[in-house]
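Please look through the model below with its fold in view, and then follow the description from one unusual backbone position to the sheet and its helices.

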Amino acid sequence: MAASSAITLEEAIGVVARQALDIERYTQEVNMLAIQSCVNIFYSLSDVFENTSLIGILSNNSFAIIGTKDQVRRTADLLDERQIDSLPLPVRHGFHSPQVEPAKLSFQAYCRERIQFHTPKIPVYSSASRNKVKELNSDYLWTVCRSRFNFSGALIKAVTDHPRLPMIDIGPSGAAANHAKHILGASAEVRHGLRSAPSAFSFNADSNHRNESNGGIVVCRSK
């Protein structure tokens, strides 16, 4: 949201830091696993995913789950037996699931007290709702943290609404751009000038110039 000027970069850093502190303080640790397959197998192979929770869809052939250490290890082993690739993620808490609910009150109180929300200067699409965000407030910041995400659904909606606007992945790794190219196909790089921004923070650093030129869609994931 900082890239859209809805909140300042300093406020965004504060939000992320407070979210991490509250979730670490109030919630239990879990393990997270990314699976390289269509999300349909989460339902069709219910025995494999027993006692785990689906937390989100990254792309057409990639989704993520959480569970205890033993539950996630068991799932990974069973997937390996079926020659389905999976990858443990370096996340220790249950983002995008009911596991984070104990942190809600403290986090929302911080956001209401510290954050001033403004009208975005470029479109903001939510991976939680898979739609354009109509109102930005402390409730929305919590919803993004708590709700199951659907990155591919939000991205498809954004480019359907704005078929020609440029997109920049402002994350540190370029992962969102790679997922976007996979979701939208090779032509996306031509249509949207889809690219990563190697110096992401310079994109937001000068508040007098950010997002003032020709608009665009910023592609980023919550985490």
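**Two loops, a sheet and its helices**

His-96 is placed in the loop between S4 and helix H4 (104-114), where helices (H or I, at least four residues) and strands (E, at least two) are DSSP runs, numbered from the N terminus. The model is a predicted one, in which local features need pLDDT of at least 70 and side-chain atom pairs count only at pLDDT 80 or more, while totals for chains, interfaces and linings use all residues. Residues are numbered from 1 along each chain as its sequence is written, and side-chain values use heavy atoms, with hydrogens and water left out.

The phi of His-96 is near 65°, a positive value in a residue other than glycine. With 4% relative accessibility, His-96 counts as buried (under 20% relative accessible area, with exposed meaning over 50% and partly exposed in between, for a 1.4 Å probe and protein chains only). Asn-51, which is not a glycine either, has a positive phi of about 65°, and it lies in the loop between helix H2 (40-44) and S2. Asn-51, however, counts as exposed, because its relative accessibility is 55%.

The strands on which these loops border belong to an open sheet of 5 strands with mixed pairing, in the order S4-S1-S3-S2-S7, two strands being paired if DSSP finds at least two bridges between them. Its edges are formed by strand S4 (86-89) and strand S7 (149-150), each of which pairs on one side only. Strand S1 (residues 31-35) is joined to S4 in the antiparallel sense over 4 bridges, and Ile-35 has Ser-86 of S4 as its bridge partner.

Helix H3 (residues 69-81) lies across S1, strand S3 (62-67) and S4, and runs at about 20° to S1; axes are lines fitted to C-alpha atoms, for helices over the stretch in contact, and angles run from 0 to 180 degrees between N-to-C directions. Helix H7 (residues 175-184) also packs on the sheet, touching strand S2 (53-59) and S3, with its direction at about 75° to that of S2; contact means heavy atoms within 4.5 Å.

How do helix H1 (residues 9-26) and H4 pack, and at what angle? Their axes are 9 Å apart and make an angle of about 160°, so H1 and H4 are roughly antiparallel to each other (the term for angles over 145 degrees). Residues that make the contact include Gly-14, Val-15 and Tyr-26 of H1 and Phe-107, Tyr-110 and Cys-111 of H4.

Notes: Parallel < 35°, antiparallel > 145°, perpendicular 65-115°, else oblique.
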